[in-house]
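Subject: Structure for your review

Dear colleague,

Please find below the structure that I promised to hand over to you. I would be grateful if you would keep it open while you read the notes that accompany it.

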Amino acid sequence: MIAIEHLTKRIGETTLVDDVSMVVDTGTITVVVGTSGAGKSTLLRMINRLITPTSGRVLIDGQDTMDIPEDRLRHRIGYVIQGNGLFPHRTVAGNIATVPRLLGWDQKRIRRRVEELLDLFQLDPAEFANKFPRHLSGGQQQRVGVARALAAEPRLLLMDEPFGALDPIIRGKAQADLIAIQRRFGTTIVLVTHDMEEAFHLGDRIAVMNDAQLLQYDTPAQLLTRPAAGFVERLVGSSDRPFRLLSLAKVRDAMEPGDAPGEPIDPDVNLRDALSRLIWAGADRLPVAHGNDTATAHISVSGILSHGRPPQ
Amino acid sequence: MKYVGAIGRGLILVLLLIFILTPDSFAPLFRPLTENNAPPIYNQGSLLSLTLSHLAIVVSATAASAILAVGLGILVTRRSGLEFLPLSRSLVNIGQTFPPVAVLAIAVPLVGFGEKPTFIALFLYGLLPIFENTLSGLTQVPRVTLEAARGMGMSPGRRLCLVELPLALPVILAGIRISTIINLGTATIGSTVAAKGLGEVIIAGLQSNNLAFLLQGGLVVAMLAVLVDGALSAVERLAASRLGGDDTPKAS
Ligand SMILES: Nc1ncnc2c1ncn2[C@@H]1O[C@H](COP(=O)(O)OP(=O)(O)OP(=O)(O)O)[C@@H](O)[C@H]1O
Ligand SMILES: [Mg+2]
């Protein structure tokens with residue numbers, strides 16, 4: 001658990017982060033969103049002490065980060081920098097091995113870990129281990145950046161716009177990979193982005209920042225249905241808000257008893273995709289079932305639509 | 001093109017070795033340049049030992065410049081050493097604005113004749129290119145790379161040795177190469193204050209109006225410069241290719 005308490009950063013007259021407090025639960029993804037210059041990176045970089053707070057403190061599992069020597073603290077916290085920051089003079093393997101080497105792991109263990117991570121990110125070790133970063137595509141560089149941050153098995157991962165430079169398809173893939181890795185290792189992740197779509201897709205909780213202040217820190221559904229007046233409301237209140245809400249809920253949340261004719265839908269599909277299927281099939285209702293099981297429930301257009309607005 | 005250069009340098013090396021080891025075999029070639037039966041080949045000392053002394057003083061002076069200039073470059077690019085930048089710049093610039101001849105003239109009364117004043121002149125003259133290149137090499141390391149190094153828990157010393165210096169190395173080496181080449185030529189004036197070196201051959205030629213001597217001294221210095229330049233450029237390319245450059249090292 002990370003507890004951020006009254007964190008403030010001032011440089012001269014300007015306040016970059018203004019009295020931010022929030023708690024990030026272990027094993028969750030927290031996304032920090034906000035416009036450019038809102039103070040997101042500054043907040044993130046105060047967690048691993050790349051920036052020293054003017055006041056306030058950060059506790060990791062109850063321990064004040066100021067009590068941990070800064071290099072040791074950073075060895076424990078994975079950091080994916082805005083713009084990837086791979087070392088141009090080191091191979092992919094050398095980049096990934098950075099923190100394990102600093103920690104003095106033996107060669108064999110480092111080599112095993114590097115191969116494991118390359119496999120995890122679907123980069124063939126034989127092909128990629130000895131390449132230099134400039135010979136990789138943007139998507140590959142980004143994956144190596146995340147692999148490098150994960151190398152020493154950190155429990156906490158800080159990511160500053162990790163997918164910013166990727167095209168939509170690669171980006172979707174990278175997000176899916178991240179979720180898979182997070183589920184598998186239970187890593188606590190704090191991720192900064194200015195893309196609302198990404199925030200809703202990845203975040204267990206979303207922190208909205210503007211002008212150095214934390215305006216709202218809530219679950220995606222709460223953010224959509226009960227946005228704080230002003231900036232947050234404008235931010236989430238775009239015309240596709242109902243669709244965002246639908247993509248947060250699953251078919252199993254909206255299904256009703258009784259069979260229906262047609263191709264069955266899996267209960268783990270989100271409601272937005274389910275609605276697409278209904279529209280495309282020209283049906284008012286479709287059966288819900290796992291694979292080839294017989295359906296005992298169905299989903300209907302009206303049932304879905306009721307999830308696209310705040311509960312009464 | 002690359003191979004032409006390599007072959008050319010190979011030929012020059014062979015020619016140079018033959019010449020300084022057995023200069024007399026070239027006597028027929030230089031005889032037309034002499035008058036009144038003057039000796040066609042430098043005969044007041046061994047060319048080999050003059051060449052070695054010449055190289056020794058250039059290498060030692062440039063090495064000393066490199067140590068100081070790279071050290072200063074590192075110092076003034078640290079946050080704590082930033083205030084020394086103007087001072088270091090002027091120091092290094094003085095070394096370059098004072099012509100080496102003037103440095104010799106000032107140094108001789110202080111340290112006497114011989115190698116010492118020459119060493120001082122070359123040392124001062126070689127500082128600027130190395131210092132400026134160290135500075136630009138270190139400052140052009142991308143900010144995000146440094147930030148990443150810090151974010152992964154590298155101490156300042158490790159950042160310098162593992163990230164900054166390796167990335168700046170090709171540029172620093174270029175500075176060292178430039179200083180070495182300049183000093184190879186400049187070292188000839190050392191002979192005016194009795195330092196052993198190839199300048200002796202040239203001066204002997206001037207004094208006795210012997211065109212052959214003049215040419216021999218000049219040619220040996222020029223060939224050394226071409227060879228050293230080629231060798232140091234190859235080292236630079238090797239260092240650059242370590243940075244993941246596209247020009248992978250080929251036998252050149
Ligand atoms: N060292 C500094 N001195 C003064 N102002 C700074 C400094 N570093 C950042 N700022 C300013 O602080 C504000 C917040 O910066 P920060 O990098 O945290 O924003 P951000 O939310 O990450 O923006 P982006 O989405 O563009 O990355 C910006 O207006 C920036 O210009
Ligand atoms: Mg930022």
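The notes below go through the ligands, the strands of chain A, and then chain B.

Please bear in mind throughout that this is a predicted model.

**The surroundings of ligand 1**

I begin with ligand 1, which has 13 residues around it. Those that come nearest are A:S36, A:G37, A:K40, A:S41 and A:T42. By character, the shell consists of eight polar residues, three nonpolar ones and two charged ones. Which element gives the most to this shell? The answer is helix α1 of chain A (residues 40–47), which supplies three residues.

Several polar atoms of the protein lie beside oxygen atoms of ligand 1. For A:S41, a polar side-chain atom is 2.6 Å from an oxygen atom of the ligand. For A:Q82, the corresponding distance from a polar side-chain atom to a ligand oxygen is 3.1 Å. A:A38 takes part through its backbone instead: a polar backbone atom of this residue is 3.2 Å from an oxygen atom of ligand 1. Taken on its own, ligand 1 has 640 Å² of accessible area, and the protein covers 58% of that.

**The magnesium ion**

Ligand 2 is a magnesium ion. Which protein atoms act as its donors? They are OG of A:S41 and OE1 of A:Q82, at 1.9 to 2.6 Å from the ion. A:S41 belongs to helix α1 of chain A, whereas A:Q82 sits in the loop between β6 (77–80) and α3 (92–96) of that chain, so the two donors tie together parts that are 41 residues apart in sequence. Both residues therefore deserve a look on the display, and their accessibility can be stated as well: A:S41 has a relative accessible area of 21% and is partly exposed, and A:Q82, at 37%, also counts as partly exposed. Buried would mean under 20%, so A:S41 at 21% does not fall in that class.

**Strand pairing in chain A**

Next come the strands. As a general point, the strands of a sheet pair through backbone hydrogen bonds, in either a parallel or an antiparallel manner. Chain A offers examples of each.

Strand β3 (residues 29–34) and strand β9 (residues 205–210) of chain A are paired in the parallel sense, with five bridges. In this pairing, A:G34 is found opposite A:M209 of β9(A). Strand β9(A) also pairs with strand β10 (residues 213–218) of chain A, here in the antiparallel sense and again over five bridges. A:I206 stands opposite A:D218, a residue of β10(A).

β9(A) and β10(A) form a hairpin with two residues between the strands. A:D211 lies in the loop between these strands. Its phi is positive, at about 50°, although A:D211 is not a glycine. With a relative accessible area of 63%, A:D211 is exposed.

Elsewhere in chain A, three strands make up an open sheet in the order β11-β13-β12, with antiparallel pairing. Why do β11 (256–257) and β12 (285–288) of chain A each have one side without a neighbour in the sheet? They stand at the edges and each has a single partner strand, so one side of each remains free of a neighbour. The pairing of β12(A) with β13 (residues 297–300) of chain A is antiparallel and comprises four bridges. Within it, A:P287 stands opposite A:H298 of β13(A).

**Chain B**

How many helices and strands does chain B have? There are 10 helices and zero strands. The C-alpha trace of this chain spans about 75 × 50 × 20 Å along its principal axes. Chain B has 252 residues, of which 45% count as buried.

Two residues of chain B illustrate opposite surroundings. B:L50, in helix α3 (residues 47–76) of chain B, is buried, with 2% relative accessibility. Its C-alpha atom is 10.0 Å from that of B:G217, although B:L50 and B:G217 are 167 residues apart along the chain. B:N36, by contrast, is exposed at 76% relative accessible area. It lies in the loop between α2 (27–30) and α3 of chain B. B:N36 has a positive phi of about 55° and is not a glycine.

Yours sincerely,

A colleague

How values were computed:
Residues are numbered from 1 along each chain as its sequence is written. Chains are lettered from A and ligands numbered from 1 in the order in which they are written. This is a predicted model: local features need pLDDT of at least 70, side-chain atom pairs count only at pLDDT 80 or more; totals for chains, interfaces and linings use all residues. Side-chain values use heavy atoms; hydrogens and water are left out. A residue is near a molecule or strand if one of its heavy atoms lies within 4 Å of it. A polar contact is a pair of N or O atoms within 3.5 Å; within protein, one must be able to donate a hydrogen and the other to accept it, and residues adjacent in sequence count only if both atoms are side-chain atoms. Accessible areas come from the Shrake-Rupley method with a 1.4 Å probe; for residues, only the protein chains shown count as cover. Ala, Val, Leu, Ile, Met, Phe, Trp, Tyr, Cys and Pro count as nonpolar, Asp, Glu, Lys and Arg as charged, and the others, Gly among them, as polar. Donors are N, O and S atoms within 2.8 Å of the metal (3.2 Å for Na, K and Ca); water is not among the atoms, so sites may look incomplete. Buried means under 20% relative accessible area, exposed over 50%, partly exposed in between (1.4 Å probe, protein chains only). Two strands pair if DSSP finds at least two bridges between them.
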